[in-house]
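I set out to record the fold, one helix and one surface feature of this model. The entries below follow the order in which I looked things up.

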Amino acid sequence: MSTEKDSMLRVRLTQRQSDELDAIIGELQAQMPEASVTTSSIARHALEKYASDHIAKRDGTKLFIEVSTAHATDEDIKNLYDLLSKLFDETKENYSPTVHYMVGEILEPVMMKMARLMKLKKPEVKAGE
């Protein structure tokens, strides 16, 4: 159920952002039906996270890395994945559990991108095989 406050928060969203927000709300409501998840509760959470992240960046208590994969080819992603996998394995053997964990956190978005690429590129059966 949408309130006037929820509608006001959507005014500046693109259609894609609004659709994604609906999907997030749907997922959260399915996982926790007892929680009242609304556009305004998500907006409040996003503002709290933004403020916390800003403080963490300023104080140096978190490392933030954002890398665009918009122009990366499938081969680029695979090569990056291979390099990072080797690095990840090496950190487990040669560094502290904290460093190993941090490398895993950095690697996870690349692994997720690869998983999406692999799903899209299922091998096609060629005629005559």
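Entry 1, contacts. I noted that the model is a predicted one. I took the contacts in the protein chain between residues at least 6 apart in sequence, and found that 41% of them join residues at least 24 apart.

Entry 2, overall make-up. I looked up the secondary structure and found five helices and zero strands in the protein chain. Read from the N terminus on, the elements run α-α-α-α-α. Of the 129 residues in the protein chain, 18% are buried. I recorded an exposed area of about 11100 Å² for the protein chain, with 58% of it supplied by carbon and sulfur atoms.

Entry 3, helix α2. I located this helix at residues 15-31, a run of 17 residues. From its first C-alpha to its last, α2 reaches 24 Å, close to the 24 Å expected at 1.5 Å a residue. I then asked which residues of α2 are buried. They are S18, L21 and I25. These residues cover an arc of only 55 degrees around the axis, which puts them on the same side of α2. On the other side of α2, I found R16, A30 and Q31 exposed.

Entry 4, surface patch. I found a nonpolar patch on the surface formed by L63, I65, V67 and I106. Together these residues have about 430 Å² of accessible area. I placed one of them, V67, in the loop between α3 (39-59) and α4 (74-94). Is V67 buried or exposed? V67 has a relative accessible area of 63%, so I entered this residue as exposed, the cut-off being over 50%.

Note on methods: Residues are numbered from 1 along each chain as its sequence is written. This is a predicted model: local features need pLDDT of at least 70, side-chain atom pairs count only at pLDDT 80 or more; totals for chains, interfaces and linings use all residues. Side-chain values use heavy atoms; hydrogens and water are left out. Helices (H or I, at least four residues) and strands (E, at least two) are DSSP runs, numbered from the N terminus. The expected span of a helix is 1.5 Å times one less than its number of residues. Buried means under 20% relative accessible area, exposed over 50%, partly exposed in between (1.4 Å probe, protein chains only). The arc is that of the directions from the helix axis to the C-beta atoms. Patches are made of residues with over 30% relative accessible area and no salt bridge: like charges are joined within 9 Å, nonpolar side chains (Val, Leu, Ile, Met, Phe, Trp, Tyr) within 5 Å. Accessible areas come from the Shrake-Rupley method with a 1.4 Å probe; for residues, only the protein chains shown count as cover. A salt bridge is a side-chain nitrogen of Lys or Arg within 4 Å of a carboxyl oxygen of Asp or Glu. Contact means heavy atoms within 4.5 Å.
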